[in-house]
Amino acid sequence: MKYFSLFTGIGGLDYGLAEFAECVGFSEIKKSSVLIYRKHYPTHNNYGDITSIDYSKLPDFDILTGGFPCQSFSLAGLRKGFEDRRGKMIFFIHDLLKAKKPQFVVLENVKGILTHNKGRTYKDVVKLLSSLGYHVRIVLLNAIHYGSPQNRERVLFLGSLNDFPIKQPVI
């Protein structure tokens, strides 16, 4: 499998994929993050700012990952949502998904996106993904349950062009 990483930061989502998938490139503009990322993944190609990527020049990939900017949705921020330039990055993700149609998408954001604009924002994100044929599941995880000392809740939007199998809980 191959993946493309958006809003890569220092590579947290990449770390989880590196064992079983090949990175065909990433998109990150924060210079300090790129420096750290390159120490871990020196051969990965940075395509730069998502707002100026020519999607037709990207290699094909099976998975799109991205921790898209959360400041617009965070309880700690101004909560301007799609009115904030950073909040509009989801629309560039939509355009990339439309152009490349990877089998899977994994997007990460803060828990505040669930309550932003009385719950309409996360529903809008689901509608954007669904409009492209993705079946979407939303998962709320807390880093404290996975060995981190931080109580850090994050929402994952998981999308698949094929429906997710229904699994019964194990009792």
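These legends describe close-up views of a predicted model.

**View 1. The whole chain holds 4 helices and 6 strands.** From the N terminus on, the elements run β-α-β-α-β-α-β-α-β-β. The chain has 171 residues, and 41% of them count as buried. Take the contacts between residues at least 6 apart in sequence: 60% of these join residues at least 24 apart. The accessible surface of the chain comes to about 10000 Å². Carbon and sulfur atoms account for 55% of that surface.

**View 2. Helix H2 has a buried side and an exposed side.** H2 spans residues 31-40, and Ser33, Val34 and Tyr37 are buried there. These buried residues lie on the same side of H2, because they cover an arc of only 95° around the axis. An α-helix has 3.6 residues a turn, so residues three or four places apart point the same way. On the other side of H2, Lys31, Leu35 and Lys39 are exposed. What do the buried residues of H2 pack against? Their partners are helix H1 (12-17) and strand E2 (22-27).

**View 3. His94 sits in helix H3.** Helix H3 covers residues 89-100. Is His94 buried or exposed? His94 has a relative accessible area of 16%, so this residue counts as buried. The side chain of His94 makes a polar contact of 3.3 Å with the side chain of Asp95. Which residues touch His94, once its neighbours within four places in sequence are left aside? They are Leu128, Ser131 and Leu132.

**View 4. A salt bridge joins Asp60 and Lys100.** The distance between their side chains is 3.1 Å, N to O. This pair links distant parts of the chain, with the two residues 40 apart. Asp60 is in the loop between H2 and strand E3 (63-66), while Lys100 is in helix H3. The two ends differ in exposure. Asp60 is exposed, with a relative accessible area of 58%. Lys100 is buried, with a relative accessible area of 15%. Side chains of opposite charge can pair when their charged atoms come close. How many salt bridges does a search of the whole structure find? The search finds 4, and this pair is one of them.

**View 5. Arg154 and Glu108 form a salt bridge between two strands.** Their side chains meet at 3.0 Å, N to O. Arg154 lies in strand E6 (residues 153-160), and Glu108 lies in strand E4 (residues 104-110). The pair therefore ties together parts that are 46 residues apart in sequence.

**View 6. Lys111 forms a salt bridge with Glu153.** The closest N and O atoms of this pair are 3.2 Å apart. Lys111 lies in the loop between E4 and helix H4 (120-130). Glu153 belongs to strand E6, so the pair ties together parts that are 42 residues apart in sequence. Lys111 counts as partly exposed, at 38% relative accessibility. Glu153 is partly exposed too, with a relative accessible area of 30%.

**View 7. Met1, Phe20 and Phe104 make a nonpolar surface patch.** The patch comes to about 300 Å². One of its members, Phe104, lies in strand E4. How accessible is Phe104, and what does Phe104 count as? At 31% relative accessibility, Phe104 counts as partly exposed.

**View 8. Phe7 has a positive phi.** The value is near 45°, in a residue other than glycine. Most residues other than glycine have a negative phi. Where is Phe7? This residue lies in the loop between strand E1 (2-6) and H1. Phe7 counts as buried, because its relative accessibility is 19%.

**View 9. Lys101 also has a positive phi.** Its phi is about 50°, although Lys101 is not a glycine. Lys101 is placed in the loop between H3 and E4. Lys101 is partly exposed, with a relative accessible area of 39%.

Terms used
Residues numbered from 1 in each chain as written. Predicted model: local features only at pLDDT ≥ 70, side-chain atom pairs only at ≥ 80, totals over all residues. Heavy atoms only, no water. Buried < 20%, exposed > 50% of the residue type's maximum accessible area, 1.4 Å probe, protein only. Polar contact = N/O pair within 3.5 Å; in protein donor to acceptor, adjacent residues only side chain to side chain. Contact = heavy atoms within 4.5 Å. Arc of directions from axis to C-beta. Areas by Shrake-Rupley, 256 points an atom, 1.4 Å probe, with all protein chains shown as cover. Patch = residues over 30% accessible without salt bridge, like charges linked within 9 Å, V, L, I, M, F, W, Y side chains within 5 Å.
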